[in-house]
Every structure is written in C-alpha cells, then in structure tokens.
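Me: I would like to go through the terms used for this model and check each one against its definition. Please start with strand pairing.

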Amino acid sequence: FKEGDLIIKRVDPKVDFDWGGGPPGQGLPGDNFCIRWTGFIKIEKAGAYTFVTETDDGQRLWINTKQLVDDWTTHPMVKKQGSIDLQPGVYEIRMEMFEGGGGAGARLYWSLKDGFALQIIPPEVLMHDPRTEPQPKP
C-alpha cells in the first residue's frame, strides 16, 4: 500500500475498539495504518462537553473546525481530552488515529458538566448523514 490509499470504508456505530496486535479490518495490516472517522454528533442539551480520545498510537479530534485533541505521537493507550461549549444542534465530528506498531486500539468518550459522567459516545447520538437521520428536539 502507498500513503493515502483507501483500503476499506465502513460505518462504525461507535468508536470502542481494542485490536490487540491484529488489524482493524480485513485487508489491513496489523501495524502502520491510519483511520479517520467522520460524521456528525447530536447535542440535545447545552453545556460544557469534554471529549476524550484514547488510542495506541497518535490521536486527533475536531468538533466542527475546532481541534480539541492533537497528539500525533507514538505511545501506548493514552487518553487525551479537550472541552467545548455546545448548544443543541448537530455538529461535525472527526477523529483520526495512527498505529505504528505493537498493540492497537481506539476509543471516543464524552462527558457533560452537570449532566453525565465520562462514557463511550453512544451510537444514538452519532450520525453518518444528518439529512437522513432524526434531528434532536430543541
């Protein structure tokens, strides 16, 4: 494979993976790969949200155009976080990770100050295409 090759494309209902030393999907190597998740997140309650990525190795996260996490280094599973104030609505979300060697995994969490404790972002608030999926109620 050469850099930039798209090997597989799929829709994941959530980002909660531990691949160990194996590949993240059929046709991919167990080491030296990158993944980009893109989609939309439904916010139903205004507030201060904290988003946490946990990966082995590098990790980056954006909500709309605001980068909340930027750790493009080689390391074992590590959590990195960023916070943002959000109003009810639908926001673009993009998470990227790379795997250099050894074990591999990726998780995406969130919490809401005065709302809920840190948890994996559930599938019901992640959307692939907001034009065809139900919108949050104001």
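Reply: Two strands are said to pair if DSSP finds at least two bridges between them. Strands are DSSP runs of E with at least two residues, and helices are runs of H or I with at least four, both numbered from the N terminus. This is a predicted model, in which local features need pLDDT of at least 70 and side-chain atom pairs count only at pLDDT 80 or more, while totals for chains, interfaces and linings use all residues. Residues are numbered from 1 along each chain as its sequence is written, and side-chain values use heavy atoms, with hydrogens and water left out.

Me: What makes strand 2 and strand 7 a pair?

Reply: Strand 2 (residues 33-43) and strand 7 (residues 89-99) share 11 bridges in the antiparallel sense, and the definition asks for at least two. Along this pairing, glycine 39 faces isoleucine 93 of strand 7, and isoleucine 41 faces tyrosine 91.

Me: How do you know that strand 4 is paired with strand 7, and with strand 5?

Reply: Strand 4 (residues 59-63) is joined to strand 7 by 5 bridges, running antiparallel. Glutamine 59 has methionine 97 as its bridge partner there, and isoleucine 63 stands opposite isoleucine 93. Strand 4 is also joined to strand 5 by 5 bridges, again antiparallel, with lysine 66 as the strand 5 partner of isoleucine 63. Strands 4 and 5 form a hairpin with 2 residues between them, and asparagine 64 in that turn has a positive phi of about 50°.

Me: Why are strand 5 and strand 10 called edges of the sheet?

Reply: The open sheet has 5 strands in the order 5-4-7-2-10, paired antiparallel. Strand 5 (66-71) and strand 10 (126-127) each have a single partner strand, so one side of each lacks a neighbour in the sheet.

Me: What makes strand 7 enclosed?

Reply: A residue is buried under 20% relative accessible area, exposed over 50%, and partly exposed in between (1.4 Å probe, protein chains only). In strand 7, 8 of the 11 residues are buried, so this strand is largely enclosed by the rest of the structure. Strand 4 is mostly covered, with 4 of its 5 residues buried. For the protein chain of 138 residues, the buried share is 43%.

Me: Why is glycine 25 counted as buried?

Reply: Glycine 25 has 12% relative accessibility, so it counts as buried. This glycine is in the loop between strand 1 (16-20) and strand 2.

Me: Which residues does glycine 25 touch beyond its neighbours within four places in sequence?

Reply: Contact means heavy atoms within 4.5 Å. Outside those neighbours, glycine 25 is in contact with Ile8 and Arg10. The C-alpha atoms of glycine 25 and lysine 9, which are 16 residues apart along the chain, are separated by 9.8 Å.

Me: How do you know that lysine 42 has no salt bridge?

Reply: A salt bridge is a side-chain nitrogen of Lys or Arg within 4 Å of a carboxyl oxygen of Asp or Glu. Lysine 42 lies in strand 2. Its nearest side chain of opposite charge, glutamate 44, is 5.2 Å away, and lysine 42 is buried without a salt bridge. The lysine 42 side chain does reach the backbone oxygen of glutamate 124 at 2.8 Å.

Me: What elements does the protein chain contain?

Reply: The protein chain has 0 helices and 10 strands.

How values were computed: Lys and Arg count as positive and Asp and Glu as negative; His and the chain ends are not counted. A polar contact is a pair of N or O atoms within 3.5 Å; within protein, one must be able to donate a hydrogen and the other to accept it, and residues adjacent in sequence count only if both atoms are side-chain atoms.
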